[in-house]
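Biologist: I am new to this structure. Please take one part and walk me through it closely, contact by contact.

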Amino acid sequence: MSPPTDEPTTNSDTRIDGPTSTSGPNGRTDSTGSTSESVRRILDTYLPTASVESNWWYWIAAVPALLVVSLGFGVSAFFLALLGVGLDIAGFMGLASAGFGLLFFLVASLLALASLVVAVLFPVAIYVDARAVEVADLGWNPDPVLYFLGAVFAVVATNFVLSVPLSVYYLYKRHEAIGRP
């Protein structure tokens with residue numbers, strides 16, 4: 001280490017051998033030691049491969065479908081709660097509210113289980129499908145690692161807030177390239 005000085009320093013972090021440029025699938029150039037390639041090698045080891053004709057995109061489409069079902073459930077639960085209160089006031093002595101409450105709990109539990117399954121499979125599905133589209137060379141070359149990391153972030157950090165726009169955008173671009181979602 002050199003002694004401290006008052007002169008400004010520059011951080012010139014250079015490798016001795018420098019980055020080696022290699023041509024990846026579809027003519028992409030990546031550094032051999034890049035983080036994206038490291039993540040890609042790990043994911044390729046543990047995740048299945050698929051073709052464009054596979055049905056992995058169903059799990060991507062499940063994200064907006066789950067939102068629609070959840071919103072429909074929320075609205076219907078609200079009106080069922082109002083109906084239960086109205087029936088209880090009319091003389092059912094709490095039986096209607098208890099019945100609707102049990103129904104709400106059961107349906108909410110099923111939706112929570114479905115959300116958990118989608119939360120786990122959405123990043124996997126978007127990676128497997130994006131890799132299949134990339135390998136097929138159909139004019140659109142999605143970066144599977146970027147989509148995977150975006151899906152993980154959308155599910156974990158934003159609790160599905162960004163998952164719906166990400167999945168809809170991916171399915172739209174996939175539709176443009178392939179002709180079906």
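Modeller: A salt bridge here is a side-chain nitrogen of Lys or Arg within 4 Å of a carboxyl oxygen of Asp or Glu. The model is predicted. Let us follow helix 3, which spans residues 95–136.

Start with the charged contacts. The whole structure holds four salt bridges. One of them joins the side chains of Glu-134 and Arg-40, at 2.2 Å from N to O. Glu-134 sits in helix 3, while Arg-40 sits in helix 1 (residues 35–46). The two are 94 residues apart, so this pair links distant parts of the chain. Glu-134 and Arg-40 are both buried.

Helix 1 is met again by another pair. Arg-131 and Asp-44 form a salt bridge through their side chains, with 2.3 Å from N to O. Arg-131 belongs to helix 3 and Asp-44 to helix 1, so the contact ties together parts 87 residues apart in sequence. Arg-131 is buried, because its relative accessible area is 8%, under the 20% cut-off. Asp-44 has 32%, so it counts as partly exposed.

Now turn to helix 5 (residues 163–178). The side chains of Arg-174 and Asp-129 meet in a salt bridge of 2.6 Å, N to O. Arg-174 lies in helix 5 and Asp-129 in helix 3, so parts 45 residues apart in sequence are tied together. Arg-174 and Asp-129 are both buried.

Rings come next. A search of the whole structure gives seven aromatic pairs. In one of them, the ring centres of Tyr-127 and Phe-148 are 6.1 Å apart and the planes stand at 80°, so the pair is edge-to-face. Tyr-127 is in helix 3 and Phe-148 in helix 4 (residues 144–156), so this pair ties together parts 21 residues apart in sequence. Tyr-127 is buried, and Phe-148 is too.

What does helix 3 give to the surface? It gives four residues to a nonpolar patch, the most of any contributor. The patch consists of Trp-59, Leu-113, Leu-116, Val-117 and Val-120. Together they have about 450 Å² of accessible area. Take Leu-116, which lies in helix 3. Its relative accessible area is 51%, so Leu-116 counts as exposed, the cut-off being over 50%.

To recap, helix 3 holds Glu-134, with its salt bridge partner Arg-40 in helix 1. Helix 3 also holds Asp-129, paired with Arg-174 of helix 5. Tyr-127 of helix 3 pairs with Phe-148 of helix 4.

Technical notes: Residues are numbered from 1 along each chain as its sequence is written. This is a predicted model: local features need pLDDT of at least 70, side-chain atom pairs count only at pLDDT 80 or more; totals for chains, interfaces and linings use all residues. Side-chain values use heavy atoms; hydrogens and water are left out. Patches are made of residues with over 30% relative accessible area and no salt bridge: like charges are joined within 9 Å, nonpolar side chains (Val, Leu, Ile, Met, Phe, Trp, Tyr) within 5 Å. Accessible areas come from the Shrake-Rupley method with a 1.4 Å probe; for residues, only the protein chains shown count as cover. Buried means under 20% relative accessible area, exposed over 50%, partly exposed in between (1.4 Å probe, protein chains only). Rings of Phe, Tyr and Trp (its six-membered ring) pair if their centres lie within 6.5 Å; planes under 30 degrees apart count as stacked, over 60 as edge-to-face and the rest as tilted.
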